[in-house]
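Me: I am new to this structure and would like to learn how to read it. Could you take me through it one feature at a time?

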Amino acid sequence: MEKSTSNGHHRNINPDLDVNPVFVRPGEATVFDKFKLPADQSLPETAYQIVHDEAMLDGNSRLNLATFVSTWMDDEAKKLYAEAADKNMIDKDEYPGTAAIEDRCWRMLADLWNVPDAADTIGTSTIGSSEACMLGGLALKRLWQERRKAEGKSTEKPNLIMSAAVQVVWEKFCNYWDIEARYVPVSPDHLVLDGYDLEKYVDENTIGVVAILGQTFTGLYDDVVAIAAKLDEIQAATGNDVKIHVDGASGAMVAPFCQPDLGWDFGIDRVNSISTSGHKYGLVYPGVGWVVWRNTAVLPESMIFHVSYLGGDMPTLALNFSRPGAQVLLQYYQFLRLGREGYRLVQQNSIDVATYLSSEIEKMGPFELVSRGDTIPVFAWVLKDGHTGNWSLYDLADRLRMKGWLVPAYPMADNMGDVILQRIVVKVGLSRDLASSLLADIRGDVEYLDSLETPLPREAGRGVHFHH
């Protein structure tokens with residue numbers, strides 16, 4: 001029996017899993033209960049085949065243009081991954097070599113992001129950029145609390161300011177740590193956070209401002225320089241000294257190589273911390289993230305736990321406990337393998353593919369670009385007003401999915417929720433040849449959709465926000 005889900009997929013709810021007799025050896029079960037642990041053993045070949053065949057129902061990750069997460073690494077990386085699969089990142093006493101490599105990685109990132117004093121900084125790996133954001137935000141809250149207590153003031157009702165186009169992790173952060181989220185609306189004139197009207201949101205309870213280097217909706221960068229300048233004005237007028245956390249989930253691993261003159265990192269005094277995702281444009285399989293603070297003074301000691309490491313002390317901080325160490329080694333592998341020039345070549349190639357795709361899509365009659373893929377290699381477009389009433393970008397996404405491409409359509413954030421975007425994320429696995437094939441499929445589907453004489457049926461519930 002199958003049941004239709006809200007996204008149009010079908011979920012098989014039959015409680016039994018039939019095993020094709022071809023894979024079954026004498027004496028083995030031919031039916032497994034899907035939701036109960038089997039009573040007896042099966043051969044590894046049989047268990048493998050079952051899992052392998054179930055996973056075939058997944059899409060082709062190389063054609064997933066919705067996700068920012070890495071879907072390709074080279075053979076040497078895969079070999080290293082298999083060799084390190086048993087390493088636990090939290091067990092620094094048992095795996096001191098991996099612990100030392102983690103330390104090297106975040107120090108390399110601190111240098112890449114222009115930390116003022118390499119001897120006076122601290123950072124850590126995380127399970128992904130979401131945990132890194134949580135740690136950066138928590139440090140801002142603790143700093144604010146410590147300052148308020150020292151001044152004899154209330155530590156109730158902290159707030160955090162961010163664009164309405166932030167990724168869902170910041171909604172979670174504010175919810176989990178009892179912080180008021182203050183969202184600055186996006187508008188056609190201010191698609192990114194650029195300091196406009198910021199004084200309306202900042203007060204003495206503001207723990208910080210989040211700047212996004214590469215919005216998930218459009219790929220655009222928040223203007224960190226303009227945000228810092230406005231915060232300088234606010235401090236001069238009110239005395240409120242507010243710091244910035246840069247959520248560089250994607251852009252912090254692109255901008256240093258492809259936009260080296262852009263101001264966004266620790267070169268700006270108000271930047272307290274920077275986070276990134278190693279498994280996005282850090283070019284590592286999921287999941288690994290990184291967070292670095294500009295100096296040790298801005299990371300409250302209350303967040304640090306101390307463990308014995310090779311007879312000495314190693315500070316650790318994380319929300320998770322046991323987590324894979326293999327991805328940390330893969331990150332170090334990529335740093336050694338590519339270096340600055342290699343990262344520049346890889347990221348610039350992705351930007352070139354993105355701008356090629358966006359320019360060709362812009363030439364198609366129905367579409368208007370919102371971004372071009374010249375920041376991080378991510379761009380979005382809308383359907384021109386008045387082009388058609390017979391189909392929408394959701395219909396184009398459905399047509400492309402039939403060919404294996406996942407190119408999501410979704411509403412823009414906040415008060416622009418009536419604007420439907422379609423977005424492509426270009427990663428290292430998307431070559432120019434594949435991009436040309438995608439364009440051919442888009443053109444063919446647009447031609448088909450434009451030929452419709454009546455509107456396609458509309459499915460309820462399509463107004464839900466897309467989260468990668």
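Me: Which elements make a right-handed β-α-β unit with β6 and β7?
Reply: First the idea: a crossover is called right-handed if, with the strands pointing away from the viewer, the path from the first strand over the helix to the second runs clockwise. Helices (H or I, at least four residues) and strands (E, at least two) are DSSP runs, numbered from the N terminus. In this case β6, helix α5 (residues 168–176) and β7 build the right-handed unit. The model is predicted, so local features need pLDDT of at least 70, side-chain atom pairs count only at pLDDT 80 or more, and totals for chains, interfaces and linings use all residues. Residues are numbered from 1 along each chain as its sequence is written, and side-chain values use heavy atoms, with hydrogens and water left out.

Me: In which sense do β6 and β7 pair, parallel or antiparallel?
Reply: Two strands pair if DSSP finds at least two bridges between them. Strand β6 (residues 159–163) and strand β7 (residues 180–184) are joined by five bridges in the parallel sense. To find one of these on the model, start at N159, whose bridge partner in β7 is E180.

Me: How many bridges join β6 to β8?
Reply: Three bridges link β6 with β8, and the two run parallel. L160 stands opposite G208 in β8. On to another neighbour: β8 and strand β9 (residues 244–247) also run parallel, over four bridges. There, A211 has V246 of β9 as its bridge partner. From β8 the chain passes through helix α6 (residues 224–238) to reach β9, in a right-handed β-α-β crossover.

Me: Why is β8 described as largely enclosed?
Reply: Burial is judged by relative accessible area: buried means under 20%, exposed over 50%, and partly exposed in between (1.4 Å probe, protein chains only). For strand β8 (residues 206–212), seven of the seven residues are buried, so the strand is largely enclosed by the rest of the structure.

Me: How do I read aromatic pairs, and how many does a search of the whole structure find?
Reply: Rings of Phe, Tyr and Trp (its six-membered ring) pair if their centres lie within 6.5 Å; planes under 30 degrees apart count as stacked, over 60 as edge-to-face and the rest as tilted. The search of the whole structure gives 10 aromatic pairs. One of them is W170 with F173, edge-to-face, at 5.8 Å centre to centre and 80° between the planes. Both residues sit in helix α5, three residues apart, about one turn of the helix. W170 is buried at 1% relative accessible area, and F173 is buried at 1% as well. W170 and F173 also join Y176 and W177 in one aromatic cluster.

Me: What about empty space: which residues lie nearest the centre of the second largest pocket?
Reply: Rolling a probe the size of a water molecule over the atoms shows where empty space is left. On a 1 Å grid over the protein atoms alone, a cavity is a set of points where a 1.4 Å probe fits but cannot get out, while a pocket is an open set with protein on both sides within 12 Å along at least five of seven lines; lining residues have an atom within 4 Å of a point. Of the 19 residues that line the second largest pocket, V382, L383, D385, V419 and I420 lie nearest its centre. β14 (367–369), β15 (378–383) and β17 (420–425) each give at least two residues to this lining.

Me: How do β15 and β17 pair, parallel or antiparallel?
Reply: They pair in the antiparallel sense over four bridges. W381 stands opposite Q422 in β17. Strand β16 (residues 409–411) also runs antiparallel to β17, with three bridges, and here A409 stands opposite Q422. Five of the six residues of β17 are buried, leaving the strand mostly covered.

Me: Where should I look for unusual backbone angles?
Reply: Most residues other than glycine have a negative phi, and most peptide bonds are trans. D178 has a positive phi, near 55°, and lies in the loop between α5 and β7. D178 is exposed, at 64% relative accessible area. The peptide bond from P286 to G287 is cis, with omega near 0°.
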